[in-house]
Structure formats: C-alpha cells, structure tokens
Amino acid sequence: MITVHHLENSRSQRVLWLLEELALPYQLVRYARDPATMLAPAALRAVHPLGKSPVLVDDGHTLAESGAILEYLVERYDTGHALSPTPLPVDSPERLQYRYWMHYAEGSAMPPLLLSLVFARIRAAKKPFFVRPIAENIVKRAMAGFVGPQLKLHLDWMEQSLARGVGWFAGERFTAADIQMSFPVEAAAVRGGLEAHPNLAAFLQRIHARPAYQRALAKGGPFALSAG
C-alpha cells in the first residue's frame, strides 16, 4: 500500500491528485500546519529528516520532493502512458516539453512566488513604529525592482505557452506536467490574481473540474494557499 504523508495546503495535494488520476489505492496520513508559524509540525521529521511534505512511502522506498514523487509514480504505474509521453523517442516534442514543465514548476516558477509571499508577510508583520518605514521601503524596492518584474515575466511565459496549444502545458493532452504546474498557477491566482492572464485562469477552471482533482480535495482537505 502506498502511504502519503500529507501536509494541509501544500504541494502534497498534487501527489493525491495524481494518485486519484491513476486510480491507485493509498493510505493518507494528514498533518496540520502550526497555526502561529504556518510551518509543518515536528512530527514530519520522523518521516523525513527535513520535516517537509509531501513524503511518499512505497514498497520500502521513501521519497520526498513533489516533482520526484510524481515522476516516480508515473514511471512505475502509468504503464499505458495515459498521463505521460512514451519513453521513446527521447527527443519527441511532447517528451521534451513534459520534462521541461515538470522541472520548471519548482525550479523557475516558484522562487518569485515564494519571495512575494515572504515580502507580503514582512509587510504585514507587527513592527516597532520606527522600523515600519524602513521595512516598507525595503519591501517596495524589492517588489518593484526584482520580484514584481520576475513574476510578470514568468506569468507571461506560462500564459504564452498555453496559448500555443490547446490549453495543456506539454502538448495537446492533459499530463502529469499539468499536475506539477498546478501549484505555481494556484499560488499566482491567490497572490496576484490572473485577470491579465486568461489562459492561466481557464487552465485552473479546467483542472478544478476534473473528478480526480475533486476526489483529492475531498480526501486531503480544503486547499487554500496563503496570500501573505
């Protein structure tokens, strides 16, 4: 039996979704965030030394990192390639795009989104009155000089990429790359809105309507990312 150590409102929602798409049975161990810090509980360190989620245990193997877990599940269980390209040829357009988006999600898309969250929390944190203007100036400069332009760059790139095809990142059909990409798109919707990116907004509507996505929510609990 596959076991998923699942932290609420986290990347591990993608693992549950993929398992539901593959119709694989699994055991769910749920963890709540610390209400004060919003960090994972210490109990997760007993599962993996970093104390992060998701962690998947299968056939004696313990795997961390959502992208690595998704790739493992697809390679082991998606034998009909319903959610992934065929392994050969290795340079097929679909496989190259699939590999790119599987790694882009965390490697390039998430860092500016994480920085926007960090600076939003700095702005909202309680501070002595004499520190407030200094902190606000730092946040404004960082958002205007780096984080904001980077967010626009990546959102525009994702928007343009969806416009080239039929609404999926790796080609003409839904794949695990779309599951992997769902987290940065969900985060962008919460932290900045997608009014200027209708293709990304439509992508969210399509994935939210998938029965497997809805089953994953029912089992994993409500999925509500923080805006700051």
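**Pockets and cavities: a short tour**

Hi everyone, let me start with a small space: the second largest cavity holds about 30 Å³. Please keep in mind that we are looking at a predicted model. What lines this cavity? The residues are A109, P112, L113, L151, H154, L155, M158 and A188. Two elements, α3 and α4, each give two or more residues to that lining, and α4 gives the most, with 4 residues. By class, the lining has 7 nonpolar residues, 1 polar residue and no charged ones.

How many cavities of 30 Å³ or more are there? The count comes to 2. The largest cavity has about 60 Å³ of space. Around the largest cavity you will find Q13, R14, W17, S182, F183, E186, Y213 and F223. Here α1, residues 12-21, and α5 each supply at least two lining residues. The classes are mixed in this lining: 4 nonpolar, 2 polar and 2 charged.

In case you wonder how one looks for such spaces, rolling a probe the size of a water molecule over the atoms shows where empty space is left.

Now to the pockets. The largest pocket has a volume of about 920 Å³, and 34 residues line it. If you want to find its centre on the screen, look for L7, R11, R33, K52 and S53, which lie nearest to that point. The elements giving two or more residues to this lining are α3, which spans 93-124, and α5, which spans 176-191. Which element has the largest share? That is α3, with 7 residues. Sorted by class, the lining of the largest pocket has 18 nonpolar, 8 polar and 8 charged residues.

Next comes the second largest pocket, with a volume of about 230 Å³. It is lined by 15 residues, and S116, M143, L151, R191 and G192 are the closest to its centre. Three elements, α3, α4 (132-164) and α5, give two or more residues each to the lining of this pocket. Once more α3 leads, giving the most to the second largest pocket with 5 residues. The lining of this pocket divides into 9 nonpolar, 4 polar and 2 charged residues.

One residue to click on before we finish is L151. It is in the lining of the second largest cavity, and L151 is also among the residues closest to the centre of the second largest pocket. Thanks for listening!

Conventions
Residues are numbered from 1 along each chain as its sequence is written. This is a predicted model: local features need pLDDT of at least 70, side-chain atom pairs count only at pLDDT 80 or more; totals for chains, interfaces and linings use all residues. Side-chain values use heavy atoms; hydrogens and water are left out. On a 1 Å grid over the protein atoms alone, a cavity is a set of points where a 1.4 Å probe fits but cannot get out, and a pocket is an open set with protein on both sides within 12 Å along at least five of seven lines; lining residues have an atom within 4 Å of a point. Grid points are joined across faces, edges and corners, and a volume is the space filled by probe spheres set on the points. Ala, Val, Leu, Ile, Met, Phe, Trp, Tyr, Cys and Pro count as nonpolar, Asp, Glu, Lys and Arg as charged, and the others, Gly among them, as polar.
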